[in-house]
Amino acid sequence: MAGIYIHIPFCKQACHYCDFHFSTGLNKQPQMVAAIHKEILLRKEEIKEEVKTIYFGGGTPSLLTKDQIKVLLDTIYKNYDVSLNAEITLEANPDDLSLEKIQELSQTPINRLSIGVQSFFEEDLQLMNRAHNHEEALTSIREAKKFFDNISIDLIYGIPDMSNERWQQNLDIALSLEVPHISSYALTVEPKTALKKMIEKGKVAPVDDALAAAHFKILQEVMSSAGFINYEFSNFGKPDYFSKNNTAYWMGESYLGIGPSAHGYHQGVRSWNVSNNPKYIQAIEENQLPIEKETLSSNDAYNEYVMTRLRTMWGISLLEIEELFGNKYVNYLQKELPVFIEKGLIKKNENNYTITQNGKFLSDGIASDLFYIA
Ligand code: SF4
């Protein structure tokens with residue numbers, strides 16, 4: 001099984017915290033879509049497996065027109081072996097989701113929307129420089145629900161000056177909208193972002209780990225009482241609504257990354273396209289793939305497995321580790337794991353080891369302690 005990820009590198013405006021690859025030069029969109037279309041064709045021999053997920057990420061894929069989406073998907077369907085019940089997700093921003101746009105999207109094969117709400121409160125949206133207001137956040141979801149059943153929304157916590165009460169209210173509003181999936185991330189301050197400069201100049205309060213940890217605890221409690229399963233650190237779904245795209249990625253399945261900056265993975269080889277729109281377009285127009293590749297060493301592959309799996313409810317399996325990477329790593333884990341089990345941070349369930357509730361917020365640190373360093 002495989003997935004196809006398509007990166008749409010345009011946004012109306014730059015969110016202050018964002019370090020993804022995008023440009024606000026929207027006039028280049030038709031040329032970019034033509035290049036992405038061509039890359040889909042140029043790489044059709046790379047994936048022979050059945051494609052079970054297609055994911056339009058970005059940037060802001062909801063800037064694509066219905067016709068642009070149709071052309072890209074038609075080309076994928078004609079040139080790849082797409083499953084009948086493939087999950088086809090489009091990331092969308094609330095300000096793009098007019099009723100008319102949602103209706104148009106529902107006439108394409110897209111069957112899942114991931115809506116970048118981030119917060120239902122005006123002060124948070126302004127601080128982050130989001131392009132939508134709180135009213136658009138609400139109406140876009142209400143309207144989307146008339147045409148789509150599989151909807152996820154993104155929410156950000158740990159925003160400076162966001163009280164526990166306001167975070168709880170955000171979650172209450174999200175739950176009242178009855179969407180089956182929520183992804184929630186702590187605000188992080190990336191280098192070279194406007195947010196970093198604003199904090200340095202004292203215009204915004206620093207991001208506080210203790211606040212993020214308190215919000216994460218509230219998130220866990222609220223979502224669990226509402227019947228959501230925290231199947232991955234940042235992802236909460238009702239049964240049958242877990243993201244197939246992300247799950248396949250965590251399970252180490254192949255995916256093709258199309259578009260500037262898109263990453264891919266196939267049989268131990270990681271690849272990524274150039275993060276520069278003009279360079280990407282020029283290379284593709286000249287029938288060149290602007291791609292770099294790296295073959296993962298067995299240590300890197302094992303470390304990556306531990307990092308991604310410990311964030312999930314499926315955890316790490318010694319049987320699988322032996323099969324994928326060899327006995328050396330199992331012996332290593334058998335020595336290291338008891339320390340974390342004693343501290344109540346990891347627990348054993350049958351053949352798998354998972355992070356406990358107490359260990360969850362520390363899962364990245366625990367994973368790096370279990371890395372195998374040669
Ligand atoms: S809309 Fe998304 S990709 Fe674009 S700037 Fe904002 S966070 Fe980044």
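# A guided tour, starting at I159

Select I159, which sits in the loop between β5 and α6. The model on screen is predicted. Is I159 buried or exposed? I159 is buried, because its relative accessible area is 0% and the cut-off for buried is under 20%. Show its contacts next. Leaving aside residues up to four places away in sequence, I159 touches D124, L127, M128, L187 and L211. Now add A86 and draw a C-alpha to C-alpha distance. I159 and A86 lie 35 Å apart in space and 73 residues apart in sequence.

**Stop: strand β4 and its partners**

Select residues 112-118, strand β4. How many of its seven residues are buried? Seven of the seven are, and the strand is mostly covered. Colour the side chains by direction. R112, S114, G116 and Q118 point one way from β4. L113, I115 and V117 point the other way, and all of these residues are buried. In a regular strand, side chains alternate between the two faces of the sheet.

Add β3, residues 82-92. β3 and β4 run parallel and are joined by four bridges. Pick E91 and look across: it stands opposite S114 in β4.

Then add β5, residues 151-157. β4 pairs with β5 in the parallel sense, again over four bridges. Which residue of β5 is the bridge partner of I115? It is I153.

**Stop: the ligand**

Select the ligand and expand to its surrounding residues. The shell consists of C11, Q13, C15, Y17, C18, F20, F22, G59, T60, N93 and R130. Colour the shell by class: six residues are nonpolar, four are polar and one is charged.

Zoom in on two of the cysteines. C11 is buried, because its relative accessible area of 10% is under 20%. C15 also counts as buried, at 14% relative accessibility. How many disulfides does the structure hold? Zero.

Stay with the shell and pick G59. This glycine is one of the residues around the ligand. G59 is in the loop between β2 (51-58) and α2 (66-79). Check the backbone just before it. The peptide bond from G58 to G59 is cis, with omega near 25°.

**Stop: two positive phi angles**

Go to E178, in the loop between α6 (164-176) and β6 (181-186). Its phi is positive, about 55°, although E178 is not a glycine. E178 counts as exposed, because its relative accessibility of 60% is over the 50% cut-off.

Now jump to N287. Where is N287? Its place is the loop between α10 (277-285) and β12 (291-295). N287 is another non-glycine residue with a positive phi, here near 60°. N287 is partly exposed, with a relative accessible area of 49%.

**Stop: helices α12 and α13**

Select α12, residues 318-325. Add α13, residues 327-342. The two axes come within 7 Å and cross at roughly 145°. Show the contact as sticks. From α12, the contact residues are L318, I321, E322 and F325. From α13, they are N327, Y329, V330, L333, Q334 and L337. What is the make-up of this contact by class? Seven of its residues are nonpolar, two are polar and one is charged.

Still in α12, pick L319. L319 is exposed, because its relative accessible area is 55%, over the 50% cut-off. Draw one more distance, from L319 to N331. Their C-alpha atoms are separated by 12 Å, and the two residues are 12 apart along the chain.

**Last stop: the sheet beside α13**

Keep α13 displayed and add three strands. They form an open sheet in the order β13-β15-β14, with antiparallel pairing. Which strands stand at the edges? β13 (316-317) and β14 (346-349) do. Each has a single partner strand, so one side of each is left without a neighbour in the sheet.

Zoom in on β14 and β15, where β15 covers residues 352-355. Four bridges join these two antiparallel strands. Pick K348: its bridge partner in β15 is Y353.

Finish by turning the view to bring α13 and the sheet together. α13 lies across β13, β14 and β15. The helix runs at about 115° to β14.

Notes
Residues numbered from 1 in each chain as written. Predicted model: local features only at pLDDT ≥ 70, side-chain atom pairs only at ≥ 80, totals over all residues. Heavy atoms only, no water. Near = heavy atom within 4 Å. Nonpolar A, V, L, I, M, F, W, Y, C, P; charged D, E, K, R; others polar. Disulfide = S-S within 2.5 Å. Buried < 20%, exposed > 50% of the residue type's maximum accessible area, 1.4 Å probe, protein only. Axes fitted to C-alpha atoms, helices over the stretch in contact; angles between N-to-C directions. Contact = heavy atoms within 4.5 Å. Pairing = 2+ DSSP bridges.
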